[in-house]
Structure formats: C-alpha cells, structure tokens
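Hi,

Here is the structure I promised to pass on. Have a look at it first, and then read my notes below.

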Amino acid sequence: MTRSACLIFNPVAGQGNSDQDLATIKNLLEPELELDIQFTTEEVSGGELARKAVKNNAEMIIASGGDGTVSAVAEALVGTEIPLGAIARGTANAFVNALDIPDSIEAACQVIIEGATKKVDAGMCNGKPMILLAGIGFEADTVEDADRETKNRLGTLAYVLSGLKQLREFEKFETTIETKERVITVEANAITIANAAPSTSVLAHGTAGVIYDDGLLDITIIAAESRTNAIAISYHLLQSASNDEAAERDDIGYLRTNWVKISTNPPQKVVLDGEIIGKTPIEVECIPQGLTVLAPVEPEIQAEEKIEHLSGIKIEPK
Ligand SMILES: Nc1ncnc2c1ncn2[C@@H]1O[C@H](COP(=O)(O)OP(=O)(O)OP(=O)(O)O)[C@@H](O)[C@H]1O
C-alpha cells in the first residue's frame, strides 16, 4: 500500500522561488507518497491546517515553510503519534537546525522518503506548545525588532543586527526562578528556557549542548555587568555552543529541570518559538517524547583514533 502524507506548504516563505520549490518537492516525494497538498494563506495558518489533518487521521504531516509555519504545524502534533516531516524554506530555519534535520529541500525529502522517526521532547509554556525555546530579555526584543522587510533583504543578518541594537539598550531585572525543588532569585538581563536550540540561538547555550530528548529543559541565565560584557558573553556562548561545552564565565548560569516558573520585576517580554506571546511570568513544563519527527538515522558513533602516523607502528589484520 502506498504511504500518504498531508503537505502543508507556505507559498510565500523565504526568499526562494516557491513554485520551483514545490515542483522539486513533488518530483522527489510523489513517486513514494500520495500527497494531499494544503497551502497556508494570510488567514489560514499552518497550525490550523495541521489540526484539520490530525482530525482526518493523516498518516504523516509534512510542513514546508519558514520557522513560523514549521513550528505551528509541529505544535499541532504535540501529544499525537503522527510523524512530522520538515522541509525548511525560511530565513533562519531554527527548527530543523535544532533537531538535526537537514535544511536543503533535497536532503529533507530524502529523510522523509527513508521514513525513520525519532521521538523528541516538547514543552508547554503558559499552556502553549513549545518545541524550541522561550526567551526573556534581550532575545525577545531581538525577535520583535527584526521586521519582515529587513528579514527579506538581509536574512539571518537581520536578527544579528537587531540583537546588537538591543544590546545597546539592555538592562537588568529582578528574576525569580522556581523549580520543583528550589526558589532562585537573581538579577539578570536575559533568561532562555530551551527544549531544543540551534547554535545560532546563542543565549540558550549555557549547558554543554541543549539535549532535546532527555526530559529536561535547559535554562541559561545571563547576568552581564556591562554592554561590553554582554558582547563577550555572546561570543563565549557562540564558541561553547559550537564545541558542545558548558559556559565557563561567572556571569553566565545554567541549570536543567523538568518544570520551571519564572517571574521578573518589572515584567519582561517573552518570545516563544519566534513569536512574542506576552510578558512574564511564565510557567514551562517539559513534555517528554511529546513529538515524533522524521529524522536522519543516527550515524553509528565511530571510535576516534589517530595511530598510523606513529613512527615504527605496525597494524595487521587479525
Ligand atoms: N499564502 C500566504 N500569503 C501571504 N502570507 C502568508 C501566506 N501563507 C502564510 N503567510 C504568512 O507567512 C507567515 C509565516 O511565514 P513563515 O514563518 O512560514 O516564513 P518566513 O516568515 O519567510 O520564515 P522566516 O521567519 O524564517 O523568514 C505568517 O505570518 C503567515 O501569515
């Protein structure tokens, strides 16, 4: 029996040629899958289309668009067993990068055809599904500041530019972090609560790698004393993120927990998976294995070795 899938496609996502993208996707997938193609519109979101597809018992749901569309579709699938395929066509493509799904159309289609799935955690933030992260403080301001027109012209650079602009205006706020075991109070400029995070979300990377299937949220606290320090912190986190190392500076804190409530004084804007959802306080809970995604089969871990260069070494097959 042929497998079937509902493809939810944003025809205005990203900077590429959507007609051509759709033709490529159909060429690659249609020999293997019976596709029911649904287009998002300004009025009908990917989330709405996905909820309809869930009701219609879709066998698989594929989201193709920017992070807005892919996250909205993913959120609708939290708590279901329906596998999500993701074909990223946006600017930052944080969702696929965070979950180790390839970001080219061809490779993403190949993953969908191969059909291997993995379970990843999701989260709930103030009752709303969260796949990647919630940001409080300058991360939230960065997102709000990167407008559509600038994003179209500059792509990812738009976020970096607005981030630098925000750093000039940053300030500290009183923060209370409540876990099931403790109440922590601290002065901070930014708090990130991550379930999964791409390396470009630098403020999420206090821990040594944000793990998306450990049943825990990774919380990073930034407490910079000056703007210069904030820039140094961002650079430090960028490096520790790319090396999968934990942050070592005294003005960066991190912890892991499965539930957290965060309040601030004064209240701060909160960005959830790229959208501003309001202000603090927030309550975030990890939903272990809440989402099934089509993802590349994990490569076998090869034991690393470097021996051939040793002088006089002999290596013989047994
Ligand atoms: N057919 C459509 N016509 C106009 N706007 C649309 C249409 N379909 C979706 N949208 C809008 O697209 C936005 C979601 O875009 P999405 O995140 O998929 O791509 P993007 O904005 O290009 O991605 P990125 O944020 O990575 O740049 C929503 O605001 C939605 O209202």
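The shell around the ligand is made up of four nonpolar, ten polar and three charged residues. Keep in mind that this is a predicted model. Which residues come nearest to the ligand? Out of the 17 residues around it, those are Gly-65, Gly-66, Gly-68, Thr-69 and Gly-90. Glycine is counted as polar here, so the four glycines you can spot in that list go into the polar group. If you want one element to look at, pick helix 3, which covers residues 67-77. Helix 3 gives the most to this shell, with three residues.

Helix 3 also turns up in the next part, which is about the domains. The domain assignment splits the chain into domain 1 (3-115) and domain 2 (128-289). Where they touch, 14 residues come from domain 1 and 17 residues from domain 2. On the domain 1 side, helix 3 and helix 4 (94-98) each supply at least two residues. Which of the elements gives the most to that side? That is helix 3, with five residues. By type, the domain 1 side of the contact has seven nonpolar, five polar and two charged residues.

Now for a sheet. This one is open, has six strands and pairs them antiparallel, in the order 12-11-10-7-14-15. Why do strand 12 and strand 15 each have one side without a neighbour in the sheet? Strand 12 (252-257) and strand 15 (275-279) stand at the edges and have a single partner strand each, so one side of each stays free of a neighbour there. On average, neighbouring strands in this sheet are turned by 20° against each other, if you ignore direction.

You can follow the pairing strand by strand around strand 14, which spans residues 269-272. Strand 7 (residues 133-137) runs antiparallel to strand 14, and three bridges join the two. One to find on your screen is Gly-135, whose bridge partner in strand 14 is Val-271. Strand 14 is also joined to strand 15, again antiparallel, by four bridges. Here Leu-272 has Glu-275 in strand 15 as its bridge partner. What do strand 14 and strand 15 form together? They make a hairpin with two residues between them. In the turn of that hairpin, Asp-273 has a positive phi of about 45°.

Have fun clicking through it!

Technical notes. Residues numbered from 1 in each chain as written. Predicted model: local features only at pLDDT ≥ 70, side-chain atom pairs only at ≥ 80, totals over all residues. Pairing = 2+ DSSP bridges. Axes fitted to C-alpha atoms, helices over the stretch in contact; angles between N-to-C directions. Near = placed C-beta within 6 Å. Domains from an automatic or database assignment. Contact = placed C-beta atoms within 7 Å.
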